[in-house]
Amino acid sequence: MTRSVLSVASETVPLVKTGGLADVVGALPGALAPHDVAVTTMVPGYPAVLRALVDGMVIHVYPSLMGAPARLVAGTVAGLPLIALDAPDLFSRDGGPYAGPQGYDWDDNWRRFAALSRAAADLAGGGTRYPPFDVLHAHDWQAGLAPAYLRFAPPRRAPAPARVTTIHNMAFQGRFGADIFPQLGLPDRAWAIDGVEYYGGTGYLKAGLEASDAITTVSPSYAAEITDPRFGMGLEGVILAHQDRVHGILNGIDGTLWNPETDAHLPARFSARTLARRIENKRALETEFGLVTDHGPLFVVVTRLTWQKGMDALLEVVDHLVGAGGRLALLGAGDAGIEAGFRAAAARHPGRVGVRFGYDEALSHRMQGGGDALLIPSRFEPCGLTQLYALAYGCVPVVARTGGLADTVIDANVAALAADVATGVQFDGVGYHPLRIAINRTLALHRQPELWRRIQRNSMKCDFTWARSGRAYADLYAKLAP
Ligand code: ADP
């Protein structure tokens, strides 16, 4: 029997992406198809989504959804089923999915994502003329109210679908005031400590966690970490109370988009057997970033420029990295202060530090294919995708030992080197000293070319494609919706 899943999120590749969430949502349908699970993705009808939707058919009309006229439009994108919530008052705007062109969050985000969630609950629970789904799978706070609507205000009396919420990043919780509650269309009993109430306000992610049959997060280590206040960020109590429902399922990478043997973005394609070809990519990258050529390692960084990603700590150690013989190429978007810091570092170290600000998918591929080592000093990292791309591309990941980074990179310590299983470098704690030591260790490994190549080959052998994780989600759905 084919199981049907409605996967609801605020972003998905290739249409709207601000981070790893979009990669995962975009990959799920393909990852689940071999397991007889049909995943339909539902996202807000941003202009880019509506433009891309092929054979769009209106399947439901709301004269007023959270105060805005709206319709559900079903079609396909890149051959995969996709349903958009077309509500121009809510989603047809310039700027990003959450913020306006100036970078400030929209002040009606509570309404925009309550509307998405209400519509998802209607769709999954059989409240439209579309066939109901076996499972509603909500991603992050933007879809958090969907399970809560199914729990407290289902569209009909028929058996409700199973409910799953995935936490892609606990730092984003969708916290709003208590004043919005009466406008959500939930019954009074939903305003409870095991409902949507969260420290006196309204908590969207919290509501989803409380209303779900299963809670997943994107790595086993992060699943454990979020029971601690430093990572749970207020929701650790909810996680602890529902430990038996919490699962850590690693994200995978899309091997059709991220494969160094076929990647059209790379000047030279290569495999573990033809690693020598990587040098062509490295030289091209040096030219692109205006860097000198020498025998030292080229460190690369592809990231959001935020505190979470430890970019402030990296800034402190840039001078050491250069002084010790490394070079740095950074691609990042985000915090203006961090951006200014890296601009200054590049000015201080012409030819040795190169920076690009903004979002550039093609360049991110070239950096993975040409860099020697990818630096990821994250303070927390639910899963992390860039280290998985780095592993696949022989760009040795140098990572903080946290969350999915801890789970996917094998530190080149003495035992791992002796067993020939090392795939990267890990360090504990994010700050000047741990980073300095990690950079020194990386430089020392890089000075031993044969050893370095072994680490690269080990990493390229790792299989972090979706096969294993797809099966884990399929097993979970089967348990919840037998
Ligand atoms: P997060 O979701 O916390 O940002 P992940 O490592 O899980 O971190 O996913 C980040 C995704 O976004 C990866 O696919 C990465 O390649 C991409 N990415 C991040 N910053 C940039 C950028 N400035 N340009 C291009 N791609 C980027």
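**Entry 1: the cis peptide bond**

I began with Pro-14, which lies in the loop between strand 1 (3-8) and helix 1 (20-32). The model I am reading is a predicted one. I checked the bond that precedes this proline and found that the peptide bond from Val-13 to Pro-14 is cis, with omega near 0 degrees.

**Entry 2: positive phi angles**

I then looked up two aspartates for their backbone angles. Asp-36 is not a glycine, yet has a positive phi of about 65 degrees. I located Asp-36 in the loop between helix 1 and strand 2, and its relative accessible area of 38% makes Asp-36 partly exposed. Asp-55, also not a glycine, has a positive phi of about 55 degrees. I placed Asp-55 in strand 3 (residues 54-65). With a relative accessible area of 65%, Asp-55 is exposed.

**Entry 3: the whole chain**

I noted 19 helices and 18 strands in the protein chain. The radius of gyration is 23 Å, close to the 23 Å that the globule rule gives for 482 residues, so the chain is as compact as a globular protein of that length. I recorded the span of the C-alpha trace along its principal axes as about 70 × 45 × 45 Å. Of the 482 residues, 58% count as buried. Among contacts with a separation of 6 or more, I found that 71% come from residues 24 or more positions apart.

I turned next to the surface and the charges. The accessible surface comes to about 18,400 Å², and 55% of it belongs to carbon and sulfur atoms. The chain carries 44 positive and 46 negative charges, and I noted that their mean positions are 4 Å apart.

**Entry 4: aromatic pairs**

I found 15 aromatic pairs in the structure. Tyr-46 and Phe-91 form one that is edge-to-face, at 5.9 Å centre to centre with 80 degrees between the planes. Tyr-46 lies in the loop between strand 2 (37-44) and helix 2 (47-52), and Phe-91 lies in helix 3 (residues 88-91), so this pair ties together parts that are 45 residues apart in sequence. I noted both Tyr-46 and Phe-91 as buried.

Trp-141 and Tyr-204 form a tilted pair, at 6.0 Å centre to centre with 55 degrees between the planes. This pair links distant parts of the chain, 63 residues apart: I traced Trp-141 to the loop between strand 6 (135-139) and helix 5 (145-152), and Tyr-204 to helix 6 (residues 204-210). Both Trp-141 and Tyr-204 are buried. I also noted that these four residues belong to one aromatic cluster, together with Tyr-98, Phe-113 and Phe-176.

**Entry 5: Ala-87**

I looked up Ala-87 in the loop between strand 5 (80-86) and helix 3. Ala-87 is buried, with a relative accessible area of 0%. Leaving aside residues up to four places away in sequence, I found that Ala-87 touches Pro-69, Ala-70 and Ser-92. From Ala-87 to Arg-71 I noted 6.5 Å, C-alpha to C-alpha, with the two 16 residues apart in sequence.

**Entry 6: helix 13**

I closed with helix 13 (residues 361-370), where seven of the 10 residues are buried, so the helix is largely enclosed by the rest of the structure. I listed the buried residues as Leu-363, Ser-364, His-365, Met-367, Gln-368, Gly-369 and Gly-370. Their cover includes two helices, helix 10 (278-289) and helix 14 (386-393). Strand 13 (298-305), strand 14 (327-334), strand 15 (353-357) and strand 16 (373-376) are also among the elements that cover these residues.

Notes. Residues numbered from 1 in each chain as written. Predicted model: local features only at pLDDT ≥ 70, side-chain atom pairs only at ≥ 80, totals over all residues. Heavy atoms only, no water. Helix = DSSP H or I, 4+ residues; strand = E, 2+ residues; numbered from the N terminus. Rg over C-alpha atoms; globule rule 2.2 N^0.38 Å. Buried < 20%, exposed > 50% of the residue type's maximum accessible area, 1.4 Å probe, protein only. Contact = heavy atoms within 4.5 Å. Areas by Shrake-Rupley, 256 points an atom, 1.4 Å probe, with all protein chains shown as cover. Lys, Arg positive; Asp, Glu negative; His and termini not counted. Charge placed at Lys NZ, Arg CZ, Asp CG, Glu CD. Phe/Tyr/Trp six-rings, centres within 6.5 Å; stacked < 30°, edge-to-face > 60°.
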